[in-house]
Amino acid sequence: MSEQLAVPLTGWGKPTPLSLFRLAISRIATMSLVEVQKLRHDRTELFTRAIQPALWLIIFGETFTRLRAIPTGHIPYIDYLAPGIIAQSALFIAIFYGIQVIWERDAGVLAKLMVTPTPRIALVTGKAFAASIRALIQALVVLILAALLGVALTDNPLKLLGMVALVSLGSCFFCCLSITIAGLALTHDRLMGIGQAITMPLFFGSSALYPINLMPDWLRFFNLINPLGYEVDGLRGLLIGTPAQLGLDFGVLALASIFMISIASALLVRLAR
Amino acid sequence: MTTRTVPPAVRVTGVRHRFGDTVAVDGVDFDVAAGMVFGLLGPNGAGKTTTLRMITTLLPAPPGTIEVFGLDVARHKLAVRRLIGYVPQRLSADGALTGWENVALFARLYDVPRARRRQVVDTALESVGLVDVAGRTASTYSGGMIRRLELAQALVNAPRLLMLDEPTIGLDPIARTSVWERILEVRANTGMTVLVTTHYMDEADQYCDRIALMHHGRIRAMGTPAELKASVDPDATLDDVFRAVTGDELRSSPGERMRDVRATRRTAHRLG
């Protein structure tokens, strides 16, 4: 072991906005690496999680494309659906991330992480963006499946990079929402119940499955305040070239993520007690 | 010429903590001198873990009541965290990661520079005798190996204060001895201070330089093991001391919550 023990340094106790930003980036990299390491050791989750989006695309997408029951203009329904399924699979992964945080609380891992020199906000940011690693892998699976099913997806690297950013922001928001619920619910069972209760309304209350102009007014309003709606709109614009308000989509998701990171950071302390 | 007083590793003054209506810690005062192995001894629910968690910054402490190497824990949380290593009571190594990855995670979280990281992780694993199994996932480790792995995680930033919460709970006697040998070895090499909670009287007697006996959230006696035993009877054991200072009370401690008991049993169960 090193003979040199840790000594206090000037400025350790006072994080500046710049040092906090650097710490957040460092913790995002660290937590993301941990996710990659875990997936490398056990790949079963990658396959099991791929089943649901595959079913949506292959069964729901193919069937409704043939039925022509949902009017999507000149775009085949399966093309219209694919970006929605990417957003949906990212949502389903992120919304239950709080269960992992509660497990970490029960196992003592969370306490140990919170005793490292990491401000709560940097820890939550790190975890939230690390959660998007799994979502991005799912997005890749959906993209490959969609391409195999003949969906006309973009091959523009900048647009694909935009998709990565949008999925990451969406995952970050819903992951922090899940940590927030975990901080309030405090148990697996309650979090599972609340997660299941809100997942479907978020999904059906977005334009993932059908265009906004087919929605009743109250559902349109819900879509307006639903971050998933912005994620779907942006993904559709980037991947299949439908008209989208990309600036608004990115802006809303970024602001919503910052807001939810702050709330989740404040509630993380409750989990550690 | 000015003389500079060296602050104690830990100074706790009049600390209290409640969980709802339950008083877990009720006016605790003690100092831990630098370089010492200090034991907080007492039954489940005595307030040991709550006290330790306040020192680690996990639980809030009022300003000025807890200092670590002269730093106020309430005001300088991040600076204090740089100085400490912490092993919680529950088994906290991540079974989905290898031993090496578990330690490397904490090297990154303590901002060990990339150029030194590999060497620091290897050295930490070597100090707890886990180099040969570092490539295996922690889920394949025995209870004693997991405890040593957690020790390596806590040592990776060369802490000045190592805090261990019931480090040998649920371990067999050989594994208990092995964990303590590693702790004392690292302490001898580095001069770090060790603050440990335990309810094993024999361990406290054998390995601690100084002991505080806690019961119902208060410190009932404090001193070296020899002093405490001599205060009761020349042939007394620490069990006798404990009975003498607590009046042999059998009622359960008010600070003991179901969650704590469940966690203790879960840890013991996982360790086999």
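Me: Happy to look at this predicted model with you. What makes T30(A), V34(A) and Q37(A) in α1(A) count as meeting E101(B), L105(B), R108(B) and L109(B) in α3(B)?

Reply: Good place to start! Residues are in contact if their C-beta atoms, placed from the backbone, lie within 7 Å. T30(A), V34(A) and Q37(A) meet E101(B), L105(B), R108(B) and L109(B) on that basis. By class, this contact of α1(A) with α3(B) has three nonpolar, two polar and two charged residues.

Me: Why is α1(A) called roughly antiparallel to α3(B)?

Reply: The two helices pack at an angle of about 170°, and their axes are 10 Å apart. Angles over 145 degrees count as roughly antiparallel, so α1(A) is roughly antiparallel to α3(B).

Me: Which element gives the most to the side of chain A that touches chain B?

Reply: That is α1(A), with five residues. The contact as a whole takes 29 residues from chain A and 40 residues from chain B. On the chain A side, 15 are nonpolar, nine polar and five charged.

Me: Moving to the sheet in chain B, what makes β6 and β10 its edge strands?

Reply: Each of them pairs on one side only. The order is β6-β7-β8-β3-β9-β10 in this open sheet of six strands, with mixed pairing.

Me: And how do you know that β3 pairs with β8 in chain B?

Reply: Pairing needs at least two bridges. Five bridges join β3(B) to β8(B), and the two strands run parallel, so they pair by that definition. Within this region, G39(B) stands opposite V196(B) in β8(B).

How values were computed
Residues are numbered from 1 along each chain as its sequence is written. Chains are lettered from A and ligands numbered from 1 in the order in which they are written. This is a predicted model: local features need pLDDT of at least 70, side-chain atom pairs count only at pLDDT 80 or more; totals for chains, interfaces and linings use all residues. Two residues are in contact if their C-beta atoms, placed from the backbone, lie within 7 Å. Helices (H or I, at least four residues) and strands (E, at least two) are DSSP runs, numbered from the N terminus. Ala, Val, Leu, Ile, Met, Phe, Trp, Tyr, Cys and Pro count as nonpolar, Asp, Glu, Lys and Arg as charged, and the others, Gly among them, as polar. Axes are lines fitted to C-alpha atoms, for helices over the stretch in contact, and angles run from 0 to 180 degrees between N-to-C directions. Angles under 35 degrees count as roughly parallel, over 145 as roughly antiparallel, 65 to 115 as roughly perpendicular and the rest as oblique.
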